[in-house]
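Please keep the sequence and the three-dimensional view side by side while reading. The paragraphs below go from the whole chain to single helices and then to individual residues.

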Amino acid sequence: MARSGLAAAARVARWADAALGPGGDSATTDGKATLSDATAERAAAALGLTPERVRADWDTARLAGLIEVHGDSARPGWRLRAWDRDDSAVLRGWVALCDAWSLAYPEPEEYEPAAVAEVVTAMPQVLSFLQLSAGPVPVPQLLDLLEQRVTELRTERCEIDYAPQPAAAGAGAETPRPALAEPAAADAPLEPLLDWALRALASVGALTYGDGQATLTPLGSWAVWVKLEQICVAAQSPAGNIEQGAEDMLRGCARLRPNAARAEYRAWLAARPVGSAVTELIAAARGEDALLRGLAFEALRVVGAPAEPEVRAALDEPTLRPYALLWLAEHDGADPEDAHEVLTREEATWLWVDTAAAVADHGEAPLLVRHLESAVQPTVPALLSEVRAVGHPRTVQVLVALAAAHPDPALAKAVRRAAFQVHTGG
């Protein structure tokens, strides 16, 4: 259903990808993602559509994340890149369109913006009621629910006016009693706004609307279920790090077992937009703490396909490249135990030093000694030689910590010598 509903938008997005790529004509003229007349005419001629139909499909593609517009240029979104091989990308695209229903079907201009905002805020409760009903619901019943919810919203945001009353100026005047401010949109009729909201949701395929009743489509019911699941996941943050930034959240997960950490990542991700979450995690991975780097990419594994563009961009950063290569290999279906084969010898050595730095900073000495066994080099002298050559900024500290932890005096001496040579540039 999602593929069918977004097929026309995907068609226009693919045309834009081919025709508006680097060196192509501008897609927009106003910097607001409105398709330019010339581009709309070109697309209509190429696709056998009217310019109006092209504009409508273009808007749908933008709201579904199939097209990203930056200034006067357009580029394909990650969902379009993953369209043919990843069903979750299609479903996420449709959910994004469903979330933007009020933009997909703009409200009539005569309605007060404040009243429209109230209805948009209240509609999730209406949709939840439709899902629980599992069948047609008469519009008057939905109107009653909408009125109750809007009343609650107005009560919650009532402002208290503490301005002095005229009588307060005289001596002995009573303390003025707070007065509730009158909601700006209190007089707006809700029935036509509900009609607009139901028509808008029907236009994106979330429900059917007619004969005085509304019914969620299977796809709309699934989308409501997904939203409820996200709320439940976010409410069950095991370690209570859901409100923290990415770096603090990762530090809070450092001592958790893998399954508990993944549950915490899911809760943290459910509470924020996926795009900003990925950006935060990548930023945390760029820091000096190697442990956070590894944990950030574990969290990005929970994100899945939406993280692919930023992870792929991280290939250009030496600090992140080995982690990004492993992430992409696993994302493309490689067995996690075999994913390391995508690394060059130098990248594998760099990753070994970075992991050793995390162990040295946060682990115990025996764990650092056992880390020796994971090196790709067959002997310790070969490992030391390649570690010195790879140029990791924490090489000296890692070698000093390893020398202090290793029980073999001869090996510890060789490691200390290597650390001294790196320190002195020898």
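Two residues are taken to be in contact when heavy atoms of theirs lie within 4.5 Å. With that cut-off in mind, the chain of this predicted model can be described by how far apart in sequence its contacting residues are: among contacts between residues at least 6 apart in sequence, 61% join residues at least 24 apart. The secondary structure of the protein chain comes to 21 helices and 7 strands, and buried residues account for 41% of its 426 residues.

A helix to follow from end to end is H7, which covers residues 113-133. Its 21 residues reach 30 Å from the first C-alpha to the last, close to the 30 Å expected at 1.5 Å a residue. Even so, H7 carries a kink of about 35 degrees at Ala122, shortly before the proline Pro124. Ala122 is also one of the buried residues of H7, a list that includes Ala115, Val116 and Val119 before the kink residue in sequence and Met123, Val126, Leu127 and Leu130 after it. The buried set of H7 is not limited to such side chains, since Glu118 and Gln131 belong to it as well.

What follows H7, and what is the sign of its phi? The helix is followed by Ala134, whose phi is positive, near 55 degrees. Most residues other than glycine have a negative phi, and Ala134, although it is not a glycine, has a positive one. Ala134 is found in the loop between H7 and strand E3 (137-138), where it is exposed, with a relative accessible area of 69%. A second residue to look at in this respect is Asp211, likewise not a glycine, with a positive phi near 55 degrees. Asp211 sits in the loop between strand E6 (207-210) and strand E7 (213-216), and it too is exposed, its relative accessible area being 81%.

Further along the chain, helix H16 (residues 321-331) meets helix H17 (residues 345-362), their axes coming within 9 Å and crossing at roughly 105 degrees. Because angles of 65 to 115 degrees count as roughly perpendicular, H16 and H17 are described as roughly perpendicular to each other. From H16 the contact is made by Arg321, Pro322, Tyr323, Leu325 and Leu326, and from H17 by Glu347, Trp350, Leu351, Asp354 and Thr355. Sorted by character, the residues of this contact divide into 6 nonpolar, 1 polar and 3 charged.

Helix H17 also holds Thr349, which counts as buried at 2% relative accessibility. What does Thr349 touch once its neighbours within four places in sequence are left aside? Its contacts are then Gln377, Glu386, Val387 and Val390. The C-alpha atoms of Thr349 and Gly391 are separated by 9.9 Å, although the two residues are 42 residues apart along the chain.

Asp57, in helix H3 (residues 51-63), can be read in a similar way. Is Asp57 buried or exposed? Asp57 is buried, with a relative accessible area of 4%, which is under the 20% cut-off used for that term. Leaving aside its neighbours within four places in sequence, Asp57 is in contact with Ala8, Ala9, Val12 and Leu49. Asp57 and Leu6 are 51 residues apart in sequence, yet their C-alpha atoms are 8.7 Å apart in space.

Conventions. Residues are numbered from 1 along each chain as its sequence is written. This is a predicted model: local features need pLDDT of at least 70, side-chain atom pairs count only at pLDDT 80 or more; totals for chains, interfaces and linings use all residues. Side-chain values use heavy atoms; hydrogens and water are left out. Helices (H or I, at least four residues) and strands (E, at least two) are DSSP runs, numbered from the N terminus. The expected span of a helix is 1.5 Å times one less than its number of residues. The bend at a residue is the angle between axes fitted to the seven residues ending there and the seven starting there. Buried means under 20% relative accessible area, exposed over 50%, partly exposed in between (1.4 Å probe, protein chains only). Axes are lines fitted to C-alpha atoms, for helices over the stretch in contact, and angles run from 0 to 180 degrees between N-to-C directions. Angles under 35 degrees count as roughly parallel, over 145 as roughly antiparallel, 65 to 115 as roughly perpendicular and the rest as oblique. Ala, Val, Leu, Ile, Met, Phe, Trp, Tyr, Cys and Pro count as nonpolar, Asp, Glu, Lys and Arg as charged, and the others, Gly among them, as polar.
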